[in-house]
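This report describes the overall build of one protein chain, then turns to a single strand and to the nonpolar cores. The sequence and structure come first.

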Amino acid sequence: MGEIMMDHWLADARAGQEGAWMKRFAAPYWTVNFPRPMMAAVTTTGPDSLRVDATFCGSGDLAGLIWDAEDRWDHPLLVYETNRDFRGCVLRFRWRSGGILPLDAINGPTLTIEGRDAAGNPRSWYVRLWNYAVGTPEDATISLDFAALDGGFLLPGEADPVWAGDVDRMFVSLVPPGYDEGGTPFAAPVEGWAAMTDMACDGAGSVLAVGDVMLPEHGIGIANGYDDCFNQTSERLIRAMLALGYRGDILHYVGMSHYFALARDGAGWIATGAGGAALNAPCVAWHRDFAERAQALGFGIIWSLSYELFDAHCPQAWKQRAENGDPALTGWVPPSTLLSPANAAAMGYLQGVAQAFVGIALDAGLPVQFQVGEPWWWVLPADGRICLYDDAARARFGAALVSIPDVRGSKDAAQRALLDLAGVVLAESTAALCAAVKAVAPDAVTHLLVYLPTILDPDAPEAKRVNMPVGWAAPAFDVLQLEDYDWVTQGRVALTARGIAEATARLGYPVAAQHYLSGFVLLAQDAAAQWPRIVAAARAARDRGTARTFLWALPQVARDGLTLFTLDEESDVQAFDDVIFPLALGREASVVPTFSTQTVESLSGHERRSSDWADARMRYDVGPGVRSESDVATLIAFFRARRGAARGFRFTDPFDDRSCALGDTPGPLDQFLGTGDGAASAFQLCKYYGAGGDAQQRIITRPVAGSIRIAVDGVERTSGWSHAGLGVIAFDIAPAAGAAITAGFRFDVPVRFAEDALEVSRATHAAGEVPSVPLVELRA
């Protein structure tokens, strides 16, 4: 059996796919938002119930529980319909709360409705929920008829009639006791919550269409990050993963900016694990729900924790620093920073965070899988300065500490020794982190995520000493996870192949103990160009035997409508054995180039011809080359190994096997591959038949190893490029704009047996009769 081919589609809307109906204001589709440094999360507690947990840090903090008229978060095949007219529905629910201002307070829970009035002018209305409540300020039943709703604090005297015919969104505000719209920080965080239960929406406008697709499993895993989805319910996210065909383990990055508990530190707030409270209460509530729902639907979770932390809340002593004292800051806005592997307090903090998340997994009944995510000594991208010089690192390195102004380029012996020592410290820190996990979950499976473009940057050949230390070599971790999205999205497939090979050789994890992360697309405008490369990289990882391949990440998948699917037919590329036909046939084989031409003859005898194929499809009969009983035995064994017509193989065409004339030696100027544009780094081998505009191009996918010669603008290149597979030549650095790329090569033809039966008789062969053994070219 051949393997199943995976492909993709960028959906922008449903077009005949399965749909269903849902009640407007359904619990899983509410979101939450808030200003830093407070935190909040929304979870569903039943089919018609939700809860918001909040941690307030100051007198001006406000969390909004949001319903959007337009679904801005789901995949296009799953979104609910946009209907901005709320007038045809009545929303009823039970409200309960604690630790926030109650319904009857001046700044108590208020429904803000944003949209336009009947004349089309932008408007907001502020509906005091207490005016529509029956019960106590912290436990009441509320009924909202959007066709007869008034804003204003006191009714009817201050009534401000709401026109709900053109609404963008609405949100319920939750504020702490002592709220004053100011900026006075609290001495310690204040916890609060609110719940909406028994939610019901009635009326002619109460029902919305919603996507209800359920794609088949396609074998690719999904990655996600809490920092990107903290505002949504975990029920909504896991439903989407399941519906889009993702199964198995979810690679979940716990993030760097929303999980931590905070404590006052002078004028600001810092992350703290003091007293075992490493995580804030909303984060704990959300992740408990996430873990329980994942377990119920058969998903596992790989909990990913990195050395990255939101800079504004990171203690100064924990930060890696450059030689002049600059902190290690990333390019995010606002920035994150990197924790120093040499700082015992920072590493102890990470260990406490890891144990807290592992505890959530254990409580949910999930097998513990933990990933150390991209641990490294940070290199400032602008100038190559490496951040080895924080106080804890200086103390640890001692006399070995020397200046490394730029990690790029060659290094002297003392600099290499420092990089090696820093690598030892990094490996020790990751080992201690995994040990902390195993202290509470002895059977935990540990993973290491390595980002190849930084660690194996060709301009920084010594960087692997510090950021891919030999202390990580197998069996330090159970699984090695590799990520290279910069190379993938730039189309630098040669660097991907070389990087994976180098990481495998250096760390010693077999491919069956490796995972691969493919993606991601940072900007929506790059989706059409970058997703095909990401999907191709995922396919390649699967084909080389990688244990699991993940796409990073769900928010980008949903935003761009990435839809993976499998084809029912076998793929010619994947149902292929990279072996050569075993018999030396010489010129005894018959060769039949075939085109497909549609010919229509008019009544007057004129013809109209249409060519269906841009390239000929070759057919061969290798029977005449079978000369002896030994050849027959070899042929039968080869035929059986290919399972008849099921699997392809290489065949050397005795009349056409090189880029030049038959009998000549291939040269680097033989065939034109394309013209550089300064960005493209991959070029397909091809051969032309004929001249000028009438030349017919043949794509070459099976060049003979060692035969390829490449030239750029007429000058042969003996390095700086590699064969990435299937005839693709990948340059390390994209050729300059206008540069002509040419090549010479030997090549084989991908073929299969044309039939599933092979008939050879000993008697007829002895009598000189030649069997027919037809082969047909594969389009790959």
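The accessible surface of the protein chain comes to about 32000 Å², and carbon and sulfur atoms account for 54% of that area. The model is a predicted one, and the values below should be read with that in mind. Along the principal axes, the C-alpha atoms of the protein chain fill a box of roughly 105 × 85 × 50 Å. The chain has 780 residues, of which 52% are buried, and its secondary structure consists of 14 helices and 46 strands. Among the contacts in the chain with a separation of 6 or more, 77% are made by residues 24 or more positions apart.

**Strand 24 and its partners**

Strand 24, which spans residues 369-373, is mostly covered, with five of its five residues buried. The cover extends to both faces of the strand, since Q369, Q371 and G373 are buried on one side, while F370 and V372 are buried on the other. Strand 24 pairs with strand 21 in the parallel sense, and strand 25 likewise runs parallel to strand 24. The table sets out these two pairings.

| Partner of strand 24 | Residues of partner | Bridges | Sense |
|---|---|---|---|
| Strand 21 | 300-306 | five | parallel |
| Strand 25 | 445-451 | five | parallel |

Individual bridges can be named for each pairing: S306 has G373 of strand 24 as its bridge partner, and Q369 has V445 of strand 25 as its bridge partner.

**The nonpolar cores**

In soluble globular proteins, nonpolar side chains tend to be buried together. In this model the largest nonpolar core holds 186 residues, and within this core F146, Y259 and L388 touch the most other members. Helix 4 (residues 344-363) supplies the largest share of the core, namely ten residues. The core also draws at least three residues from each of two domains, domain 1 (18-211) and domain 2 (221-316 + 336-377 + 420-566).

What is F146 in contact with, leaving aside its neighbours within four places in sequence? The residues in contact with F146 are F25, F86, R87, C89, L91, L111, I113, A164 and M170. Apart from the largest core lies another core, of 33 residues, which includes V632, F638, I700 and I708.

Terms used
Residues are numbered from 1 along each chain as its sequence is written. This is a predicted model: local features need pLDDT of at least 70, side-chain atom pairs count only at pLDDT 80 or more; totals for chains, interfaces and linings use all residues. Side-chain values use heavy atoms; hydrogens and water are left out. Buried means under 20% relative accessible area, exposed over 50%, partly exposed in between (1.4 Å probe, protein chains only). Helices (H or I, at least four residues) and strands (E, at least two) are DSSP runs, numbered from the N terminus. Two strands pair if DSSP finds at least two bridges between them. A nonpolar core is a set of buried Ala, Val, Leu, Ile, Met, Phe, Trp, Tyr and Cys residues joined through side-chain atoms within 4.5 Å. Domain bounds come from an automatic or database domain assignment. Contact means heavy atoms within 4.5 Å. Accessible areas come from the Shrake-Rupley method with a 1.4 Å probe; for residues, only the protein chains shown count as cover.
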